Amino acid sequence: MRAILTAILLAMASPVLAQATLTVTGDGSRTVAPDMAVVTLGVTERAARASEAMNAASTTAEAIIQRLGAAGVAPADMQTTDLSLYPVRENDLNGQAQFEGFEASNQLTVQVRDLESLGPVLQAVLDDGANRLSSLRFTLQDPRPIMNEARRAAVEDARAKAQLYADAAGVTLGAIQSISEPQETNGGPQPMMAMEASRGVPVEAGSTTINARVTMVWELVQP
């Protein structure tokens with residue numbers, strides 16, 4: 001009984017102090033030239049009958065696919081992302097909806113890995129009848145090496161900040177307690193000057209910025 005009472009008194013006299021920590025967020029980025037374009041394009045046709053509208057859109061879509069294949073785009077890099085058919089109604093002068101026919105659309109999302117061919121390819125598919133271009137973005141075929149460089153830069157940034165704060169507070173950094181990475185956020189293309197029109201539709205890849213962020217927690221050692 002005496003031993004238990006002594007242990008309780010010692011515990012009350014010497015409370016355990018919480019370990020002080022420092023949490024810092026570091027940012028890193030790398031800017032590189034993209035090596036791939038992702039473009040969404042297609043065709044929309046209107047006709048009096050549903051079958052006529054769809055047949056017209058399908059014929060043009062097939063010509064576009066053939067043109068892309070001839071330009072070196074692999075079948076795996078072409079995907080139909082929209083195929084639609086619906087009636088078209090427009091209001092007359094009295095505000096009454098009038099049936100105008102049917103509209104059919106066929107849309108492809110295409111990965112172009114040879115950026116030098118992008119302008120001429122876009123011009124060629126327009127010549128083949130494409131009349132929809134809904135998006136164009138530049139990216140990297142394999143962003144992992146650049147992403148890892150940005151992560152290393154983020155860790156270096158966090159270390160520098162942590163050391164600055166520790167020095168200013170007069171404490172010493174101890175062991176790292178945790179490292180966490182929030183969801184990646186990658187910058188989009190930075191457009192530059194357009195190419196000459198003689199090379200096809202004017203486009204320029206510019207640059208792509210890859211961003212990384214890391215949160216690190218250190219123990220703090222009192223002097």
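The following dialogue goes through a predicted model and asks what its helices, sheet and cores rest on.

Student: How do you know that α2 has the length expected of a helix with 21 residues?

Tutor: At 1.5 Å a residue, the 21 residues of α2 should span 30 Å, and its end C-alpha atoms are indeed 30 Å apart, so the two values agree. After α2 comes Gly72, whose phi is positive, near 100 degrees.

Student: What makes you say that the buried residues of α2 are on the same side?

Tutor: Buried here means under 20% relative accessible area, and in α2 this applies to Ala53, Ala57, Thr60, Ala61, Ile64 and Leu68. They cover an arc of only 105 degrees around the axis, and therefore they are on the same side of α2. The face turned away from that buried side carries Thr59 and Ala70, which are exposed, that is, over 50%.

Student: Which elements do the buried residues of α2 pack against?

Tutor: They pack against β2, β3, β4 and α3.

Student: What makes the largest nonpolar core a core, and which of its residues touch the most other members?

Tutor: The members of such a core must be buried nonpolar residues joined through side-chain atoms within 4.5 Å. The largest one has 20 residues, of which Ile64, Leu68, Val110, Leu118 and Leu122 touch the most other members. Two or more residues come from each of β2 (36–47), α2 (50–70), β4 (97–112) and α3 (118–127), and α3 gives the most, with four residues.

Student: Which residues is Val110 in contact with, leaving aside its neighbours within four places in sequence?

Tutor: With those neighbours set aside, Val110 is in contact with Ala37, Val38, Val39, Leu68, Val73, Asp77 and Met78. Apart from the largest core lies another, of 17 residues, including Ile146, Ala154, Ala212 and Val214.

Student: Why are β3 and β5 called edge strands?

Tutor: The open sheet has four strands in the order β3-β4-β2-β5, with antiparallel pairing. β3 (78–91) and β5 (132–139) each pair on one side only, and they are the edge strands. With direction ignored, neighbouring strands of this sheet are turned by 15 degrees against each other on average.

Student: How do you know that β2 and β4 are paired, and how many bridges join them?

Tutor: Pairing requires at least two bridges between the strands, and β2 and β4, which run antiparallel, are joined by 11 bridges, so the requirement is met. One example is Gly42, whose bridge partner in β4 is Gln107, and Val38 stands opposite Gln111 in β4.

Student: How many bridges support the pairing of β3 with β4, and what joins these strands?

Tutor: β3 and β4 pair in the antiparallel sense over 13 bridges, and among the residues of β3, Gln79 has Thr109 of β4 as its bridge partner. The two strands form a hairpin with five residues between them, and in the turn Gly95 has a positive phi of about 80 degrees.

Student: How do you know that α4 has its expected span?

Tutor: The 26 residues of α4 (residues 144–169), at 1.5 Å a residue, should span 38 Å, and the end C-alpha atoms are 37 Å apart, so the expected and computed values agree. The buried residues in α4 are Ile146, Met147, Ala150, Ala153, Ala154, Ala158, Ala162 and Ala166. Just after α4, Gly170 takes a positive phi of about 75 degrees.

Methods
Residues numbered from 1 in each chain as written. Predicted model: local features only at pLDDT ≥ 70, side-chain atom pairs only at ≥ 80, totals over all residues. Heavy atoms only, no water. Buried < 20%, exposed > 50% of the residue type's maximum accessible area, 1.4 Å probe, protein only. Contact = heavy atoms within 4.5 Å. Axes fitted to C-alpha atoms, helices over the stretch in contact; angles between N-to-C directions. Expected span 1.5 Å × (residues − 1). Arc of directions from axis to C-beta.
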